[in-house]
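Please read this briefing alongside the sequence and the coordinates. It takes up the sheet, the cores and the cysteines in turn.

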Amino acid sequence: MSKAKQAHSDFNLTTLTSRQTEDVVRAAIESGSNIYLMARRGSGKTIIMKEVIKSMKCKEIYLNASTLERTDCSGFPKIMDSKDKDFISFLLPEYFKYLIQGDVPCVLLLDEVDKASSDIFASLLELTQFHTVNGRALPNLKCVLMTGNFQAEGGARPALPLLDRAEKYIMNTTTTQWLDWAARSGKIHPSVTAFISDHPDELMGEVEAGELYGDASPRGWENTSKILNFGEEKKWPVDLLITKVAGCVGRSASLKFDSYFKHYQVLLPEIEKIMKGQESKAFEAFEPGKKIVCCMIICSRLSRALDEMLEKNEKKKELPAITKVVARFLKNVDPEMTLIAVRSQIGLQRTVQAGLDEVPEWEDIINDISNKLNIA
């Protein structure tokens, strides 16, 4: 993910990956501690918590904190029973039954705490610290897990005394981890998986959305996949599908996805051949538009491999094996297409950082591009 789309304050909190979040949540349930987890919208924080709770054989008590009122957390006074009595007792909402009766361990999952009314914070202080409500013990409550979004996305910081009663973290979902989840879940359309794999910056939009109403998010791409799977089954026209994609992830991301989706089924088998160093006779027969998209996808895959190399081994650069494969392919492609693909998908900065200019197979390609740019 690009630095521009990661730029936000860390709020003096430790940042966790999705996998680290699973471990931290599991440990919290085991030890009985509470957690407040902040993450970008649609990044999967709630789903991760739900999956961990299920794996721990605990009963999940899910509450959307943004809809709760004070009586939902502390109970309703039994006014009708107060006649001729000196004391009033409280009726508790039904979900408290699972926290009090029986012996099944429960985890209270409070979602959207960043949007909760301040009226309920006092009750949550007692609930999180003592596992009681109005002094009544909740013996089955193992821990309280809370979620929230960034302030730039419409959230607000919960009361500090509540945060004091919990471990506090930020979760950052990486493209690689999201793709791993996509492979495990089987929920993501193949074209979306391939598109995000080749364009990792498109998984999420900007943190500061400004006046934007539509922007990409992991949840948006999951919704896109549902629509594509359903639409293909119902034989919806491609233009309608792309319009629906734009409705899920915004116009900007859908425009990039448009050509990819239209050419995906045709191009992907040939791209796989090329990336393995095999000859693709079908590529020569493609029309210019498909050839350009094909070249861009291939260069995008090389860019991804170079980025992973730089992240893992910045001092000693060991170029991925596909570097030479892509170079040999591009040498036989129209120079104009090579210029467009390399310039748009790899770029000068990545070329220098990765040391492509030092690779003999790339030397002629880079010189040709440089000469064309100087002429232009």
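The notes below are grouped by topic.

This is a predicted model, in which local features need pLDDT of at least 70 and side-chain atom pairs count only at pLDDT 80 or more, while totals for chains, interfaces and linings use all residues. Residues are numbered from 1 along each chain as its sequence is written, and side-chain values use heavy atoms, with hydrogens and water left out.

**Sheet and helix**
- Six strands (DSSP runs of E, at least two residues, numbered from the N terminus) form an open, parallel sheet in the order β1-β10-β2-β9-β6-β3, where pairing requires at least two DSSP bridges between two strands.
- At the edges, β1 (14-16) and β3 (59-64) each pair on one side only, and the twist averages 25 degrees from one strand to the next.
- β3 pairs with β6 (residues 106-111) in the parallel sense over six bridges, and Tyr62 stands opposite Leu109 in β6.

**Nonpolar cores**
- The largest nonpolar core (buried Ala, Val, Leu, Ile, Met, Phe, Trp, Tyr and Cys residues joined through side-chain atoms within 4.5 Å) has 57 residues, of which Trp178, Trp221, Phe257 and Trp362 touch the most other members.
- Apart from that core lies another of 30 residues, among them Ala65, Cys73, Cys106 and Phe150.

**Cysteines**
- The structure holds zero disulfides (pairs of cysteine sulfur atoms within 2.5 Å); the sulfur of Cys58 is 7.7 Å from the closest cysteine sulfur, in Cys143, and therefore too far for a bond.
- Cys58 is buried at 14% relative accessibility, whereas Cys248 is partly exposed at 22%; buried means under 20% relative accessible area, exposed over 50% and partly exposed in between, with a 1.4 Å probe and protein chains only.

Terms used:
Helix = DSSP H or I, 4+ residues; strand = E, 2+ residues; numbered from the N terminus. Axes fitted to C-alpha atoms, helices over the stretch in contact; angles between N-to-C directions.
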